[in-house]
Amino acid sequence: MKPGIHPPYRPVVFRDRAADFAFLTRSTMTSDQTIVWEDGNTYPVVDVEISSASHPFYTGKTRVLDTAGRVERFERRYGSRGAR
């Protein structure tokens, strides 16, 4: 690798708040927030919306979506179908 052009590759904690799950890995991601990990060291923490602990494919659980709200919003925007 050419020196001086790549971001630092360091340990980072990725945290999924929805599933109360976090894991330590190496990444080039940066963050202003830090967390004290199980080993007593402080690492930058990146919050993610979804991980293997909360993704429906891995958990086998489906999420409840507000489909009624989506339909109502669509009908307000474009009008209801009505009779043809």
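The questions and replies below concern the fold, burial and surface charge of a predicted model.

Local features need pLDDT of at least 70 and side-chain atom pairs count only at pLDDT 80 or more, while totals for chains, interfaces and linings use all residues. Residues are numbered from 1 along each chain as its sequence is written, and side-chain values use heavy atoms, with hydrogens and water left out.

Me: Which pattern does the chain follow along the sequence?
Reply: Helices (H or I, at least four residues) and strands (E, at least two) are DSSP runs numbered from the N terminus. The chain has two helices and four strands. Read along the sequence, the pattern is β-β-β-β-α-α.

Me: What share of the 84 residues of the chain counts as buried?
Reply: Buried means under 20% relative accessible area, exposed over 50%, and partly exposed in between (1.4 Å probe, protein chains only). Of the 84 residues, the buried share is 17%.

Me: Is V45 buried or exposed?
Reply: V45 sits in strand 4, residues 42–48. Contact means heavy atoms within 4.5 Å; leaving aside neighbours within four places in sequence, V45 is in contact with V13, R15, S31, Q33, T34 and I35. Because its relative accessibility is 2%, V45 counts as buried.

Me: How far apart are the C-alpha atoms of V45 and V12?
Reply: V45 and V12 are 33 residues apart along the chain. Their C-alpha atoms are separated by 6.0 Å.

Me: What is the relative accessible area of D16?
Reply: D16 is found in strand 1. Not counting residues up to four places away in sequence, D16 touches F21, V48, E49, I50, S51 and S54. D16 is buried, with a relative accessible area of 1%.

Me: Phi of which residue other than glycine is near 55°?
Reply: The residue lies in the loop between strand 1 (10–16) and strand 2 (21–27). It is exposed, with a relative accessible area of 73%. The residue with this positive phi is D20.

Me: Which residues gather in a patch of positive charge on the surface?
Reply: Patches are made of residues with over 30% relative accessible area and no salt bridge (a side-chain nitrogen of Lys or Arg within 4 Å of a carboxyl oxygen of Asp or Glu); like charges are joined within 9 Å, nonpolar side chains (Val, Leu, Ile, Met, Phe, Trp, Tyr) within 5 Å. R70, in helix 2 (residues 67–78), counts as partly exposed because its relative accessibility is 49%. The patch of positive charge gathers R70, R73, R76 and R77.

How values were computed. Areas by Shrake-Rupley, 256 points an atom, 1.4 Å probe, with all protein chains shown as cover. Lys, Arg positive; Asp, Glu negative; His and termini not counted. Charge placed at Lys NZ, Arg CZ, Asp CG, Glu CD.
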